[in-house]
Amino acid sequence: MTQQPLRGVTSLRFNQDQSERGLCLHHCGWEGGKEWPEVGVKPLASSWASFQAAQISLILPGCFCCAMETGVRIYNVEPLMEKGHLVLIWDDAREGKDSKDKLVLEFTFTKPVLAVRMRHDKIVIVLRNRIYVYSFPDSPRKLFEFDTRDNPKGLCDLCPSLEKQLLVFPGHKCGSLQLVDLASTKPGTSSAPFTINAHQSDVACVSLNQPGTVVASASQKGTLIRLFDTQSKEKLVELRRGTDPATLYCINFSHDSSFLCASSDKGTVHIFALKDTRLNRRSALARVGKVGPMIGQYVDSQWSLASFTVPAESACICAFGRNTSKNVNSVIAICVDGTFHKYVFTPDGNCNREAFDVYLDICDDDDF
């Protein structure tokens, strides 16, 4: 999210399989305001803001840190130099009182790390023009290295399924997606890319369902979300968020892939039906009959089954919660202004707020 941070929160992400509602709150910048590495796992000890200089120096011996208004810089002592961009992994199950006792892995890069994705046996680290895949968690070694199109948002998704090891990221061609099956690709070798020509403009958001059978993406225009079969590469359905351009922050599938939710800078979270697409709304022009090709594309699109609003000035992410009953589903939206929203919806399109809170006010940093 590139929106101006509110109340010190500059990045949010659910954990990889969304089984637990973990949040990662990045309160400080990195190297002149650049974000700390995003890690798609549940935070283990505290928010970055509660880290103090002494704690960081203990975690990284032979270093000192300089806290600035724009963020935190870490330097090596001998030789004196700014330390590279880090990915740090903690194990909260480890015994020990200090963060240094729970630190289990450290990766260092010469360029900013934009995103991290994890599964039980691999960790994927995304730079602006390159993606690295390492074995995980024991004795990590580099398995793959992929050059990418300029990827300033660090777009990438990794299937968490035990049966499928699929990785997706923007392809070299504008608007395309590249799919890599990490299980069938031999480490240290380059494989022929499986490419989907998804959009005419650059990809702005991408997401895999949990089994890795479907990939959803949206372009910078932000009006359409397209879903593709990852095996056949065929387009399955086209979902319309709206008619005016928007920046999509997040796309997520429900656990059983029956629904999809998406959030944008319009302050609206849209919910679409996938298992039974007849539940989605259609344009009133669909009843008119045959129309021209340009209007026909608009008429054929499927509109959201349900939607709800969050503060338009506040970027947010969304994901599905646990079902409360067979016919009632829930969507959770978390905004960078510190607000938490939970809505329940039914297949007929009824959508109501069930919970609201300000998660930054639940406790102080000292309580972590």
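User: Buried means under 20% relative accessible area, exposed over 50%, and partly exposed in between, with a 1.4 Å probe and protein chains only. Which is T230, buried or exposed?

Analyst: This is a predicted model, in which local features need pLDDT of at least 70, side-chain atom pairs count only at pLDDT 80 or more, and totals for chains, interfaces and linings use all residues. Residues are numbered from 1 along each chain as its sequence is written, and side-chain values use heavy atoms, leaving out hydrogens and water. The relative accessibility of T230 is 6%, so T230 counts as buried.

User: Where in the chain is T230 found?

Analyst: Strands (E, at least two residues) and helices (H or I, at least four) are DSSP runs, numbered from the N terminus. Strand β18 covers 224-229 and strand β19 covers 235-240. T230 is in the loop between β18 and β19.

User: Which residue's backbone oxygen does the side chain of T230 reach?

Analyst: Contact means heavy atoms within 4.5 Å. Leaving aside residues up to four places away in sequence, T230 touches K164, L166, L179, L208, G212, T213, V214 and V215. The side chain of T230 comes to 2.7 Å from the backbone oxygen of G212.

User: What is the mean pLDDT of the chain?

Analyst: pLDDT is the predictor's confidence in each residue, from 0 to 100. Strand β17 (residues 214-219) has the highest mean among the elements, 98, and strand β1 (residues 29-30) the lowest, 32. Over residues 19-60 pLDDT stays under 50. At least 70 is the score of 69% of the residues, and the chain average is 78.

User: Which strands stand at the edges of the sheet β8-β9-β10-β11?

Analyst: Two strands pair if DSSP finds at least two bridges between them. This open sheet has four strands with antiparallel pairing. An edge strand has a single partner, so one side of it is left without a neighbour in the sheet. That applies to β8 (115-118) and β11 (142-147).

User: Which residue of β10 stands opposite V124?

Analyst: Strand β9 (residues 122-126) and strand β10 (residues 130-135) run antiparallel and are joined by five bridges. Opposite V124 in β10 is V133.

User: How many bridges pair β22 with β25?

Analyst: A sheet of four strands is open and has the order β20-β21-β22-β25, with antiparallel pairing. In β25, S307 stands opposite H270. The number of bridges over which β22 and β25 pair is four.

User: Which strand supplies the largest share of the largest nonpolar core?

Analyst: A nonpolar core is a set of buried Ala, Val, Leu, Ile, Met, Phe, Trp, Tyr and Cys residues joined through side-chain atoms within 4.5 Å. The largest has 27 residues, of which V269, I271, F308, F320, V331 and F345 touch the most other members. Strands that each supply at least two residues include β22 (268-273), β25 (306-309) and β28 (339-345). The largest share, five residues, comes from β27.

User: What is the relative accessible area of S176?

Analyst: S176 is found in strand β14 (residues 176-181). Beyond four places in sequence, S176 touches F169, P170, G171, T195, I196, N197, A198 and V203. S176 is buried, because its relative accessible area is 1%.

Note on methods. A polar contact is a pair of N or O atoms within 3.5 Å; within protein, one must be able to donate a hydrogen and the other to accept it, and residues adjacent in sequence count only if both atoms are side-chain atoms.
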